[in-house]
Amino acid sequence: MSAGEVLVSHPQIARCIPEEELPCKPYCMIKNLGLHSSAGLATAGFRTAKYIPEEWMQNNYSKYYQSFADRDTAENLRNESKSLIVEREKLTQDTQASSTKKLGERLQDIFFWKSELKREIEDLLAETELLLERKRRLEIALDATEIAMFISTDNLQNRERRQGPDLVKDVVEDELLREVDLIQNVQGVLKRSLDQVNIQIRKNRDAKELLEMDWSDKYEAYKIDVKAGGLNNQSTNIQFHPNSSKFEDNSSTPETWAQFTHCNIYKAEQERMNSISLRALVDNVLQETSEDLRAQYDRVNAAFNKRLEELYDAKAKLDHHLRKLLEQIAAQERNIANLKQAIKDKEAPLKVAQTRLYERTYRPNVELTRDPAQMNLICEVGEISESIALLKEKLREAQTSLENMENTRMTLEKEIAIKANSIFIDSVKCLKHRDRYPTVVRLAGYQ
């Protein structure tokens, strides 16, 4: 027979003796009031102690009647005892059967609430595990934001090493600053969510502990009632416990007993519902923050790529101008060399003309005349001197132009170096480093 079934001992067959009506035998006592009766006024002087026959008969009849009355009373008492035994035996068996049935019903109640507690414990345990998984996701996402923050701040620090006019507050820097602010805001949201999750986990565990304590009490009570329900009149472990048939001071009523467990289950369900809502909130937070961070990451990368296009274009144009300038410098250097050679080539004709004039100054007397030859030589010297002066002026201009072009060349080369440095910083130090930026999956808390 199972513990949850109603345990009823086999009823005994009632045995009773039908009561017979005792014959009501009227008996009239004969009183001796005659002359020879010892009753009444004694005779003067002599009274006999002997009874008369009527008195003897009367005495016998009184004993007969007393015996009959005692036997009749005993027979009635015996019949009543048999009836009482049968009645009380049946009452005892019925009461024991009712107690066993009540114990069985109580076992069913305990089993029901124990099952409800176990189900709620399992649901709460499963919900707590899911919430712990969200906690791990929040911690992973928080660690991922630390990596993202390091990358963003590193980009800003690297771009501070740009030189000259390239150290400009451009769109890339604006987007990087927005990314840093967004990461800080996301970290604040994740930390607050993590704190809420930790608080809810503690509440879930507290509610689970109350349920487990209640379940443990019901488990012990169930075992005790199973043991009590299994006892019968033939059990060997039964004995008298006179003081057990009283209510304990700390005992509860069935209503408060059921209400206590109901309240524990209700509180646990409330915490479980709060936990489910918090899980949904955490899922939304992780999804939205990861998408926002990746969207800002894409915007920063787009700004970097656009800035690199501008830098590559500017550097290409500078390289083009530098090549043209170098060609002009080379041509100017050849021009200067030609001018110097032209000036040098004018020295011999000037020497010839001046030497001729000098030699002709030694003509004697009237021979020292201003003849056409003299005039032509003077014009020749003037022309050659003018040519040399013009060539020297052009040489100075060429040298000044060459010097300016050399300065421009140096400026262009410096600017190209600055652009190359900016390209190296943005492409290698920043954009390539951003390849290590956490993926949307990791930012959402997954491994």
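**Close-up views of a helical model**

**View 1. Length and bend of helix 4 in the predicted model.** At 1.5 Å a residue, the 60 residues of helix 4 should cover 88 Å, and the separation of 83 Å between its end C-alpha atoms agrees with that expectation. The helix occupies residues 372-431, and a kink of about 25° is found in helix 4, with its centre on Ile425.

**View 2. The chain as a whole, as context for the close-ups that follow.** The protein contains 5 helices and 0 strands, and its elements, taken in sequence order, give the pattern α-α-α-α-α. Of its 447 residues, 31% count as buried.

**View 3. Packing of helix 1 against helix 2.** Two packed helices are described by the angle between their axes and by the distance between those axes. For helix 1, residues 53-159, and helix 2, the angle is about 165° and the axes lie 6 Å apart. Since an angle over 145 degrees counts as roughly antiparallel, helix 1 and helix 2 are therefore roughly antiparallel to each other, and their crossing is left-handed. The contact of helix 1 with helix 2 is made up of 35 nonpolar, 13 polar and 18 charged residues.

**View 4. Packing of helix 2 against helix 3.** Helix 2, here given with its range of residues 171-229, packs with helix 3, residues 254-360, at an angle of about 165°, and the two axes are 9 Å apart. Helix 2 and helix 3 are therefore roughly antiparallel to each other, and helix 2 passes helix 3 in a left-handed crossing. In the contact of helix 2 with helix 3, the residues divide by class into 25 nonpolar, 10 polar and 10 charged.

**View 5. Asn365 in the loop between helix 3 and helix 4.** The backbone of Asn365 has a phi near 45°, which is a positive value in a residue other than glycine. Asn365 is exposed, because its relative accessible area is 74% and the class of exposed residues begins over 50%.

**View 6. Glu397 in helix 4 and its separation from Ile336.** Glu397 has its place in helix 4, where its relative accessible area of 39% makes it partly exposed. Although Glu397 and Ile336 are 61 residues apart in sequence, the distance between them in space, taken from C-alpha to C-alpha, is 9.4 Å.

Terms used
Residues numbered from 1 in each chain as written. Predicted model: local features only at pLDDT ≥ 70, side-chain atom pairs only at ≥ 80, totals over all residues. Heavy atoms only, no water. Axes fitted to C-alpha atoms, helices over the stretch in contact; angles between N-to-C directions. Helix = DSSP H or I, 4+ residues; strand = E, 2+ residues; numbered from the N terminus. Parallel < 35°, antiparallel > 145°, perpendicular 65-115°, else oblique. Left-handed = near helix turned anticlockwise from the far one by under 90°. Nonpolar A, V, L, I, M, F, W, Y, C, P; charged D, E, K, R; others polar. Buried < 20%, exposed > 50% of the residue type's maximum accessible area, 1.4 Å probe, protein only. Expected span 1.5 Å × (residues − 1). Bend = angle between axes of the 7 residues up to and from the residue.
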